[in-house]
Each structure stands twice: as C-alpha cells, then as structure tokens.
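Trainee: I would like to go through this chain with you. Could we take it one question at a time?

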Amino acid sequence: MIQDIAPARLKNVWVPGKTAGDADRILCVRLQRTASGRQVPAFLVRAGQELAFPRLEELPADACTDFAGNEDPVYLFSLCPASGEPMDFYLAGGEKAPEGFDWLTLREIRAKRRGAQALFYAVYTGAHLATWYQHNRYCGSCGHETVASLAERARICPACKRVIYPQLIPAIIAGVLDPASDRILLTKYANRDVPYYALVAGFTEIGETLEECVAREVYEEVGLHVKNIRYYKSQPWGSVQDILAGFYCDVDGSTAIRRQEDELKEAVWVSRDAVRLQPDDWSLTNEMMENFKKGRI
C-alpha cells in the first residue's frame, strides 16, 4: 500500500518554529475546481516524467503566496530515506507556475509521474494537511481568523480559544465474500471516470461502530446482508482525509444484488481467477482484492 515505504519512513512529528532552507522541498499548492465543482489541491511539480518538487531556492520570490494565514512555508514532515540525509517538506500556497514546472492534481500525479513510492506517499499526506489548513483559516465557532499554535500542529482561535487539530475521517472498505460459490463482490463507482473495480466503501456515521458501518454500507449500496465481519488492516488516504479500515465479511442469505444506482454503476460477483486488479498496489482496496485472488483469504 502507499504507506508501505520501509526502510524509508515519513517522520510526521511536529517541530515548532522550523523554517525552510534553500534546499528544502516545497509542496506548493493551490486549490482548483473539478468539472463537478469540487475543490481539489494541485501541486507544483517539475516538468518531465519523474516526480520531483521544487526546492525553495528554485522558486521566484512571487511564486509562493500566503497559505492559510501563514506568511512563510509551513513545516510538514521529514522523509527519511534508507540512506542519506532526510528531506524536509514545507507547505506553501501558489498561483504561478515558474518555467519548468506544472500544476498537477493528485490523480494526475498518480497517472503521469513515476518515482519512489515514498514521494507519492509524501504528497498524498501533504494534500491531507493542505486541505486541513485551507479549511480552517477561520474559526467555525465564532468566525475569527485562526493562528498557528506554537506548541503543536493545530490552529487556535485567539477570540474564543478553540483549538483545531488535523481532521481524520473514519471510513470502511468491505470485502464481501460468498463462501458457498467462492466469489467476491466488486463494484465500480457511479459518476467517476475510474475504469477499474473496487470494493464497497463508505464513511462512518455518528454513533456508529466500524462494524455497523460495514453492514449498513453493504446493505445500502448492494442490498445484501452480511455476517462474520472481521477486521483486516487500515490505511491513511490523504486525498480525502480518510483513515480507512478494511474488513472482510460473508454474505448472509440471498446473494441477489440490488445496486444503489446513484452510488454504483456496476456491482458483480466475481470468481478468484476473474478478479482484475488495479493498475498499482497503493490502495487497501487493491490489496484486499489481491488477497482473495491469490487465495490468501
């Protein structure tokens, strides 16, 4: 999965007061709207096939703008390779693309660039934090502009003293199995230009356990009851601020699918040898599908 970068590691400990040097990498981000009107972060990356981010010394003075109430680039984390010096990453805003650089969304970076998986994990985590910073420029309780905490990664409202921490949204992925016929349920999302199959997934509701979320989402999306819900593994997925929890479960009773058409354009039972995996091994979804295909589940 995307976070499996050992022996490299992402050191996400907050370091107050750390400032960017000329050689540090800058995740320069701007929010842009998709065709559906949703805002997504786009990052400044070096032109070419390899994924590379600008160093501070490579950016003109007017390339980085104020981001989420911070005048200077904000320290994010260090990427510690297996050997060599750690790379410090900082977050900044931007609008202009200097010569030799392009603005790319996460989806475009995933499709058009190649490089060490650790770099992709870094930009996905950077996207999570960039969205959090942008969404919390102002206090949701009193509307006052927030400021950076000097002690921890948080935003503080100087008026009402509210402390705002990075948001983590719990969600589930469900590998629904039919043991009687040795099949797994695969789906494709509606209204998304994604050609490969996935699993039932959804966000956890207030007052709901993760296991209850699995049962509800499966019933809502495909009309199936499930039993034997068992936890498999988790994954951070920074593009939508998730912490994903993967579960396998068995169909309980009828296997007749009643697809929720506004959520899914396809939902099918698939045998092990017919499972078609996703184009990379980054996602928890793909790993769970691969486990079934290769007989590990």
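Mentor: What follows is a short set of questions on confidence, cores and one buried residue.

Mentor: This is a predicted model, in which local features need pLDDT of at least 70, side-chain atom pairs count only at pLDDT 80 or more, and totals for chains, interfaces and linings use all residues. Residues are numbered from 1 along each chain as its sequence is written, and side-chain values use heavy atoms, with hydrogens and water left out.

Trainee: Which element has the lowest mean pLDDT?

Mentor: pLDDT is the predictor's confidence in each residue, from 0 to 100. The chain averages 91. Helix H3 (residues 210-222) has the highest mean, 98, and the lowest, 76, belongs to strand E4 (residues 64-65).

Trainee: Which helix gives the largest share of the largest nonpolar core?

Mentor: Such a core is a set of buried Ala, Val, Leu, Ile, Met, Phe, Trp, Tyr and Cys residues joined through side-chain atoms within 4.5 Å; buried means under 20% relative accessible area (1.4 Å probe, protein chains only). This core has 54 residues, and Phe43, Phe89, Leu91 and Tyr133 touch the most other members. The largest share, 12 residues, comes from helix H2 (residues 117-135).

Trainee: Is Asp250 buried or exposed?

Mentor: Asp250 is found in strand E15 (residues 242-251). Its relative accessible area is 9%, so Asp250 is buried.

Trainee: Which side chains are joined to that of Asp250 by polar contacts?

Mentor: A polar contact is a pair of N or O atoms within 3.5 Å; within protein, one must be able to donate a hydrogen and the other to accept it, and residues adjacent in sequence count only if both atoms are side-chain atoms. One contact of Asp250, at 3.0 Å, is with Asn228. Another, at 3.2 Å, is with Arg230.

Key:
Buried < 20%, exposed > 50% of the residue type's maximum accessible area, 1.4 Å probe, protein only. Helix = DSSP H or I, 4+ residues; strand = E, 2+ residues; numbered from the N terminus.
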